[in-house]
Amino acid sequence: MDGIAHDRPRPAEARLEQAARAAWLYYAEGRTQDEIAAQLSISRQTAQRLVSLAVAEKLVKFRFDHPIAACMELAAALTARFGLAYCDVVPAAEPESRLAAIAISGAQYLERWFAQTAPLVLGISAGRTLRAIATELSPIAAPQHKVFSVCGTMAQNGCVTSFDAVMRLAERTGAQCYPMPTPVIAASLAEREVLQTQQSFRVLQELQLQARCLILGIGPVGWRAQIHANAFVNDAELAELIEAGAVGEIAGWSFDARGRLVKARVNDRVAGLPVRADPPCAAVGVAGGADKVAAIRAALQGRLVTALITDEPTARAVLGPRQEA
């Protein structure tokens, strides 16, 4: 006896130390479990258990060094803030490539629906983003499915925009197609009532009840915004919407900063299918851009959409200063 106390690690501490060594060899040096077993003079099964123990005891911390990590964090924050069923944030993009990035994500999301064997019903609104999604969709044979429009693409003067999405979607998939036979906003309440007595419109109402998913564009309400630039509303009608507090629109339906449909004569004349809070099916908003931030946030707060596909700068702006804290 030399009179010196030799402190030996307790069994639990010794096992954690061995787990740390195994984890370092596995994650830092890229060793296989067989190589770790040989170096530490243990069995392969023990090496596997030690690596798992290191993870369970939080001895290993990861740094995900890729741009998509920030997007995943933003998607998680949006999901938690607004109770979303699904959220995808695409990496930061230049304004000219934002549309393409969102369209690819939207198409990938839709492809999962179209890949299902059992027949289902999908609804889609109109607009530049929706048209881009339909164009980006990979060709797939899905004649068992039905796709329908939730709104038209026609102005009150009869002019039709080039942003119809449902026809393009049907071309890419072979799905049964049901376009909206009405203008976005009717010229009068009487005209809207007549249009909605058509059998084709009643079929769309039934399809909406059967829908599993709605893909909806979110637009701002303002001068030269799509709803105004495409002559869906005139100057006086737009001024009325702004005076009523409208910040955004979905399928022609204008809503305020809390996501509530505004009380305005224009909304009374929307000729498409209704937009509801907390719809019974998946309602996926797709939009990006600084001009749409207020509209997206309002649609999320009002639960007009319960899922979101957007880009990184837009996601940060929608979350606001709280995200930076």
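Is Cys159 buried, partly exposed or exposed? In this predicted model, Cys159 is partly exposed, with a relative accessible area of 48%. The close-ups below start with the cysteines and then move on to a sheet, the cores, a helix and two loops.

**Figure 1. Cysteines without disulfides.** A search of the whole structure turns up 0 disulfides. Why is Cys71 not bonded to Cys87? The closest cysteine sulfur to that of Cys71 belongs to Cys87, and because the two lie 10 Å apart, they are too far for a bond. For comparison, a pair would have to come within 2.5 Å to count as a disulfide. Cys71 is buried, at 1% relative accessibility. Cys159 is in no disulfide either: the nearest cysteine sulfur, that of Cys151, is 15 Å away.

**Figure 2. An open sheet of 3 strands.** Follow the strands in the order β6-β7-β8, where the pairing is antiparallel. The edges are β6 (219-220) and β8 (253-255), each of which pairs on one side only. Between β6 and β7 (residues 248-250) there are 2 bridges, in the antiparallel sense. Look for Gly219, which stands opposite Glu249 in β7. Helix α13 (residues 293-301) packs on this sheet and touches β6, β7 and β8. The direction of α13 makes about 90° with that of β8.

**Figure 3. The largest nonpolar core.** Which of its 56 residues touch the most other members? They are Leu78, Phe148, Ile218 and Ile250. Elements that each supply at least two residues include α4 (67-82), β1 (86-90), α9 (199-210), β5 (213-217), α11 (235-243) and α14 (312-319). The sheet strand β8 also belongs to that list, and α13 gives the most, with 6 residues.

**Figure 4. Phe148 and its contacts, with a second core.** Leaving aside residues up to four places away in sequence, Phe148 touches a long list of partners, among them Val121, Leu122, Gly123 and Ile124. Its other contacts include Val166, Tyr178, Leu204, Leu207 and Leu273. A second, separate core has 29 residues, including Ala107, Tyr109, Val166 and Val286. Val166 thus links this view to the next one: Val166 is also one of the buried residues of helix α7.

**Figure 5. Helix α7 and its buried face.** Helix α7 spans residues 166-173, and its buried residues are Val166, Leu169, Ala170 and Thr173. How do these residues sit around the axis of α7? Seen down that axis, they fall within an arc of 100°, so they line one face of the helix. The spacing fits a general rule: an α-helix has 3.6 residues a turn, so residues three or four places apart point the same way. The packing partners of the buried residues are α5 (95-114), β2 (121-124), α6 (128-136), β3 (146-149) and β4 (176-178). Just after α7 comes Gly174, with a positive phi of about 75°.

**Figure 6. Positive phi at Ser41 and Ala251.** Neither residue is a glycine, yet Ser41 has a positive phi of about 60° and Ala251 has one near 55°. Ser41 lies in the loop between α2 (33-40) and α3 (44-56), while Ala251 is found in the loop between β7 and β8. Which of the two is buried, and which is exposed? Ser41 is exposed, with a relative accessible area of 67%, whereas Ala251 is buried, with a relative accessible area of 8%.

How values were computed: Residues are numbered from 1 along each chain as its sequence is written. This is a predicted model: local features need pLDDT of at least 70, side-chain atom pairs count only at pLDDT 80 or more; totals for chains, interfaces and linings use all residues. Side-chain values use heavy atoms; hydrogens and water are left out. Two strands pair if DSSP finds at least two bridges between them. Helices (H or I, at least four residues) and strands (E, at least two) are DSSP runs, numbered from the N terminus. Contact means heavy atoms within 4.5 Å. Axes are lines fitted to C-alpha atoms, for helices over the stretch in contact, and angles run from 0 to 180 degrees between N-to-C directions. Buried means under 20% relative accessible area, exposed over 50%, partly exposed in between (1.4 Å probe, protein chains only). A nonpolar core is a set of buried Ala, Val, Leu, Ile, Met, Phe, Trp, Tyr and Cys residues joined through side-chain atoms within 4.5 Å. The arc is that of the directions from the helix axis to the C-beta atoms.
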